[in-house]
Amino acid sequence: MNETALIAAGTRTITIERDAVDALANRIDADFAKACNLILNCSGRVVVTGMGKSGHIGNKIAATLASTGTPSFFVHPGEASHGDLGMITRDDVVIAISNSGSSAEIVALLPMLKRMQLPVISMTGKAESPLAQVADVNLDISIEQEACPLDLAPTTSTTVTLVMGDALAVALLEAKGFTARDFAFSHPGGALGRKLLLRIEDVMHNGHEVPSVREQTPLTQALVEMTEKGLGMTTIVDHQENLIGVFTDGDLRRSVDQKIDINGVSIGEVMSRNPKTVNKSMLAAEALGLMQSKKITALVVEDDHQAVGIIHMHDLLRAGVV
């Protein structure tokens, strides 16, 4: 095939699948709402099953449901007949996927599922199929043609099934009032999880890592403290350990620009008083926003007027908040 033919094949595939998805929108109806309510009223989990390519799509649907507030898992229909049926309880709801509605492995499970009195939601392309007839509600995923030119390989049908699964997941998400914070709890390792869950106290420097000097400390000695702690700044505290100021690398550059004799002044003469501080329970992402708005690289973590920690931009980078 030449370049033109290859491009035409790809374009034709996208057009066929797009049209099928467009047609699917007209089938989001009372049956769809009934399927949603069966799941919302379920005290157990959603068990998704499907054979072949439908199984691959079912796996993804189960994962999407689980990550958006609807406990769900996938069971292979072949394995279910050999012990995995024990994973399913009487409190669960089953979503059975089969484009033909007559996959032998799925049909073989139906008597047992009905004996357990489990609600069954079918996704089929044939409303008169054995699966659709037994199910409590059928979601119509029928298509006019596969994108495969032989009309054999599951292409359009799997795309439509996946979209129907996404429609279910999103409708349930909205019905449950699922929030970005809820999403973060199920994705603690992802970027969103880090932004919505990680707090300053989880990544800050504390204890002996916090640079600290007295107001009367010579600037040269304070610079030694800054160098040893490696945070580009130091806190200045009074005799009761209360925070009274900070001195940063930026303050040092400004002192040099102003021709201040750094060998003859105390840190108290050049420090910045009333520094911007944060609370250790603040989200790390909020600290990042504050640093960006103030154009600074470190913040003092204050608790009851005392410096209990330092949060540095590098800490946020390492934690993946940036």
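Two strands are taken to pair if DSSP finds at least two bridges between them, and the pairing described here is that of a predicted model. Under this criterion, strand β6, comprising residues 205-206, is joined to strand β13, comprising residues 306-312, by two bridges, and the two strands run antiparallel. Within this pairing, Asn 206 stands opposite Gly 309 of β13. Strand β13 is also joined to β12, which spans residues 298-303, through six bridges, again in an antiparallel arrangement. In this second pairing, Val 300 has Ile 310 of β13 as its bridge partner. The connection between β12 and β13 is a hairpin with two residues between the strands, and Asp 304, located in the turn, has a positive phi of about 55 degrees.

Elsewhere in the chain, the largest nonpolar core consists of 27 residues, and those with the most contacts inside this core are Val 48, Leu 65, Ile 95, Ile 121, Met 123, Leu 139 and Leu 168. At least two residues of the core are supplied by each of the helices α1 (3-24), α2 (30-40), α3 (53-67) and α7 (156-176), and likewise by each of the strands β1 (46-50), β3 (93-97), β4 (120-124) and β5 (137-140). The greatest contribution comes from α7, which gives five residues to this core. In soluble globular proteins, nonpolar side chains tend to be buried together. The surroundings of one core residue, Leu 139, can be listed in full: when neighbours within four places in sequence are left aside, Leu 139 is in contact with Asp 31, Phe 32, Ala 35, Ile 121, Ser 122, Met 123, Thr 124, Met 164 and Leu 168.

Two further residues, Ser 67 and Thr 68, were examined individually. Ser 67 belongs to helix α3, whereas Thr 68 lies in the loop between α3 and β2 (72-74). Ser 67 has a relative accessible area of 17% and is therefore classed as buried, the cut-off for this class being under 20%. Thr 68 likewise counts as buried, because its relative accessibility is 10%. The side chain of Ser 67 reaches the backbone oxygen of Thr 64 at 3.1 Å, and a polar atom of the Thr 68 side chain lies 2.7 Å from the backbone oxygen of Thr 64. Not counting residues up to four places away in sequence, Thr 68 touches Ala 169, Leu 173 and Phe 178. Of these contacts, the one with Phe 178 links positions 110 residues apart along the chain, for which the C-alpha atoms are separated by 7.1 Å.

How values were computed. Residues numbered from 1 in each chain as written. Predicted model: local features only at pLDDT ≥ 70, side-chain atom pairs only at ≥ 80, totals over all residues. Heavy atoms only, no water. Core = buried A, V, L, I, M, F, W, Y, C linked by side-chain atoms within 4.5 Å. Buried < 20%, exposed > 50% of the residue type's maximum accessible area, 1.4 Å probe, protein only. Helix = DSSP H or I, 4+ residues; strand = E, 2+ residues; numbered from the N terminus. Contact = heavy atoms within 4.5 Å. Polar contact = N/O pair within 3.5 Å; in protein donor to acceptor, adjacent residues only side chain to side chain.
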